[in-house]
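Student: Here is the model I would like to go through. Can we work from the strands outward to the helix?

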Amino acid sequence: MEISSTRLIALNVSFNFIPIGVHEVLLVNRVGSSYRLQHPSIELTSLAEDILRGSTITNLINRFGNGDAKQIASLKEFLENLDRLGALRSDLDLQSVSAEEQERFKANLSFFRSFEKEEETAVTFHKRLRNAHFLLIGLGGLGGPLLDFFARAGVGSITGIDMDVVEPSNLPRNLLYREDDIGKKKVAAAAENVSRISKFTRFRGIDSRIGSAAELIRIVEESGNVDLILLTADRPIWSIIRWCAEAAMQTGVPLLRNHALGVGPFMIPGKTACPFCEWNRLKANFPNIEEIMDFYRRSPDARATSNIGTIGTKIAIPAALMAQEAISFVTKTEKVQTFNAVVRVSFFNGLHIDRMELPRDPLCDVCGTEKRDVPSA
Ligand SMILES: [Zn+2]
């Protein structure tokens, strides 16, 4: 590495800086070798922090050289020593992200640094978000906050489907809309608000309500390159879940569903449980479930969240969980928690977060691998 250049540098991922004093650091690599580095006139703790965040040689010299030729020379010598030990690497791929984008997403980039491996850098993870396309079904109490999270996180493309208008009763729990959105179509208000949040996200609204699996399949195919379908709408009850699972199965696009005050399962078509895999188990436990569902289908308003009653903070928690799962999945950073499982948050008698296994049902009507031999009643 040419130390005198303005090249971007960062700490090689296989090294750790351990400050042991203001002017002394211990450099430890993964095979356990350690090097004690001292510099009497430079605060090495702050310098280490800057290098960890990724910086340019010029920025480091401006910040720590104090305009003093001797100080600059010794700073360069210190960096050369680091380089000789193999502790520095060029952050060349950072140059493929504009300065404005780097500034906007600097906290994300710092966060992604902790997942770096030799061939996957913070920029790789950031670009996976930038290139991602999410399809949100429903822009209500869950879909609204999800859209907000995704736009702020730097997801490049989002398509949202909803045909409702923003109502005053949406405002206590939907973080995306404001008073002056009341009466507007949710897709229109969402488009305006996303453009105010971030120029780095393209949003396309579809003013419609899903009425069949075929309709959703058509939308997924027309939208092109959808990486993940996120189901947040809950009506028509169970039918919407079945249509989404069928569309995922048919198109091969993964699906993540919200689950009453929780999240999951995360369906990788043909590999992990689909959300309809729960149906046979529900039927076994509640023999009259079909009648209950029929009642809700005949009186859809009985199921409206505003009638059940909720408060915005309680929806924000599963919304954040769902957004995190989607981001972990698409960036390939953290482990997805909801493959073959549902993560639920409950507030009865204190806060409980539990993970319920939801294995794939071989007899599932949507994704099952075995033919049903039970005659239908
Ligand atoms: Zn299934």
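**Strand β8 and its neighbours**

Tutor: In this predicted model, β8 and β9 run parallel and are joined by 5 bridges.

Student: Which residue of β9 is the bridge partner of isoleucine 158?

Tutor: Isoleucine 158 belongs to β8, where it is also the bridge partner of phenylalanine 134. β7 (residues 133-137) pairs with β8 in the parallel sense over 5 bridges. In β9, the partner of isoleucine 158 is phenylalanine 203.

Student: How many of the residues of β8 are buried?

Tutor: Ser157, Thr159 and Ile161 point one way from the strand, Ile158 and Gly160 point the other way, and all are buried. The strand is thus mostly covered, and the count of buried residues is 5 of 5.

Student: What span should helix α8 have at 1.5 Å a residue?

Tutor: Helix α8 covers residues 186-197, which is 12 residues. The expected span is 1.5 Å times one less than the number of residues. The end C-alpha atoms of α8 are 16 Å apart, which agrees with the expected 16 Å.

Student: Within what arc do the buried residues of α8 fall?

Tutor: The buried residues of α8 are Lys186, Val187, Ala189, Ala190 and Val194. Seen down the helix axis, they line one face, because they fall within an arc of 155°.

Student: Which elements do the buried residues of α8 pack against?

Tutor: β8, α8 and β9 make a right-handed β-α-β unit, and β7, α7 and β8 make a right-handed one too. The buried residues of α8 pack against α7 (143-153), β8 (157-161) and β9 (202-206).

Key. Residues numbered from 1 in each chain as written. Predicted model: local features only at pLDDT ≥ 70, side-chain atom pairs only at ≥ 80, totals over all residues. Helix = DSSP H or I, 4+ residues; strand = E, 2+ residues; numbered from the N terminus. Buried ≥ 20, exposed ≤ 12 C-beta atoms within 10 Å, placed from the backbone. Arc of directions from axis to C-beta. Contact = placed C-beta atoms within 7 Å. Pairing = 2+ DSSP bridges. Right-handed = clockwise from strand over helix to strand, strands pointing away.
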